[in-house]
Amino acid sequence: MTDVTRILVTDDEDGMRLGVQRALRKYVASFHDLDCNVSFELDLAASGEEAVERLKENSYDLLLLDYKLPGISGIEVLSEAKKLCPDALVIMMTAYASLDIAVSATKQGAFDFLAKPFTPQELRATVRQATKNLILQRQAQKLADEKRRVRFEFISVLSHELKAPIGAVEGYLELFRSGAVKDEETQTRIVERSLARLAGMRKLIFDLLDLTRIEAGTKQRKLEPIDLGELLRGALELVEFSANARGISLELEVAPYMIFEGDRSEIEIVMNNLVSNAVKYNRDNGKVMVRVLKDARGYQVEIEDTGIGMTEKELGKLFGEFVRMKNEKTRHIEGSGLGLSTVKKIVQLYGGDIRAISEWEKGTTFKVELPVQSV
Amino acid sequence: MNSNLKKIVLLVDDDVDFLEQHRLFLETENYEVVAAHSRREAEKLLETVTPDLAILDLMMDETDDGFVLAYNIKKKDAGVPVILVTAVTSETGLEFGTVGEEGSWIKADAILPKPIRFEQLKREIHRLCKTDKI
């Protein structure tokens, strides 16, 4: 990236203005670590009054400002510049290294000083430092803007997800009130649907709490030896009822004493989410296979289903927040869209990784790597 | 038109609860409801059914499914009133109109922001179908 920094040089000595111009005209400051090259464009002013006029008409990134000027002083120009061009950095050029001046100028917001006389090298070094500061400032601003945008987006989607079940339950209640619900069968169906939507909302709120706790790092982590086999058996037990109801068989392949050092509740969130997904997104009479493998690096837990699978496009956004695969087959499946995003964050806390391999209409396998030493 | 029979309403939304509720409501109001979860399902239905009114969600699998469906319904029979329903307004502040410049390309007779009230929907249906005494 090549950038241009606009500089206003203010000095009543012709030689000084021209000397600065000569030193900077062809200078390019390279910042390899910031992936950025900067060249300089200069405007010259011979008095404080002229500098203020320039500042009214143009915007500058950097001001090189003489302290001792014939009319209004450099300090006055500095205070005008802070109003007219608040983001610009100001470097004061001064003939005597007076502490008073330095203190006064710093109070007014000067960024740096150059003691006259200075060499072209000294000038470039000072300008380079100020420019680096400008770039870092801009990058920080960009990052802050991006963070705000992401946060706004998150909250918009969240409020949509929270409003949807309220709307649904409200609608059903309205139906009761309007007298449209006459037979008992319809009544039961409506009550069941309302309860299901409320349960979904509760799940969303809990998932949201999990996610924010993990992101904020406020959760107290309690590391203890966990028997992965035992934990996975627990996860499978939780889904046994819904799996049986749809004829889905559950298999677990794990050797004894697969001990992983971790926070039990975190590892439970990971495995419960993945096992529950494998049942939810399976086909009737399908199969869920869970395997635990161990190698020198650590554990690999594989959760394989024979479900509806995903397309390449769906796989790409799988671990994002509020991502739910919307298609004919998933329409009736409830989910908060936060599960896998949370799972990935937890796995990363352990220095691990999670991947999904999937084939549309064939099934999906999630592979979770949990390294042993990194905890 | 099915002048002796119940009027047919085509109801399209990917939200199963929205479909269920509005189907029940419209049936109580003495309409026959044909429902679809997606634009594709609706287009299949339209091969065999000619509705007297269509109520369509705007954003389904694709964000413009409602517009496209409305356009196709109007192309086949410009006289079929179409109501678009959408949560877009309340969430993004984006507003769509049925008059002016937008009205020329949005092929809908009314756009209702979600959540819609049954009474409001009823009024809208009566307004649009006045001439037919639907």
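Which strands of chain B does helix α6 (residues 118–128) of chain B lie across? Helix α6 of chain B lies across β3, β4 and β5 of chain B, running at about 175 degrees to β5(B), where angles run from 0 to 180 degrees between N-to-C directions of axes fitted to C-alpha atoms, for helices over the stretch in contact. This is a predicted model, in which local features need pLDDT of at least 70 and side-chain atom pairs count only at pLDDT 80 or more, while totals for chains, interfaces and linings use all residues. Residues are numbered from 1 along each chain as its sequence is written, chains are lettered from A in the order in which they are written, and side-chain values use heavy atoms, without hydrogens and water.

**Sheet of chain B**
- Five strands (DSSP E runs of at least two residues; helices are H or I runs of at least four) form an open, parallel sheet in the order β2-β1-β3-β4-β5, two strands being paired if DSSP finds at least two bridges between them.
- Because β2 (32–36) and β5 (110–113) of chain B stand at the edges with a single partner strand each, one side of each is left without a neighbour in the sheet.

**Interface of chain B and chain A**
- The contact (heavy atoms within 4.5 Å) takes 19 residues from chain B and 19 residues from chain A.
- Four salt bridges are found across the interface, each a side-chain nitrogen of Lys or Arg within 4 Å of a carboxyl oxygen of Asp or Glu.
- A:Arg189 forms a salt bridge with B:Glu20, with the closest N and O atoms 2.5 Å apart.
- Helix α1 (16–28) of chain B gives the largest share of the side of chain B that touches chain A, eight residues.
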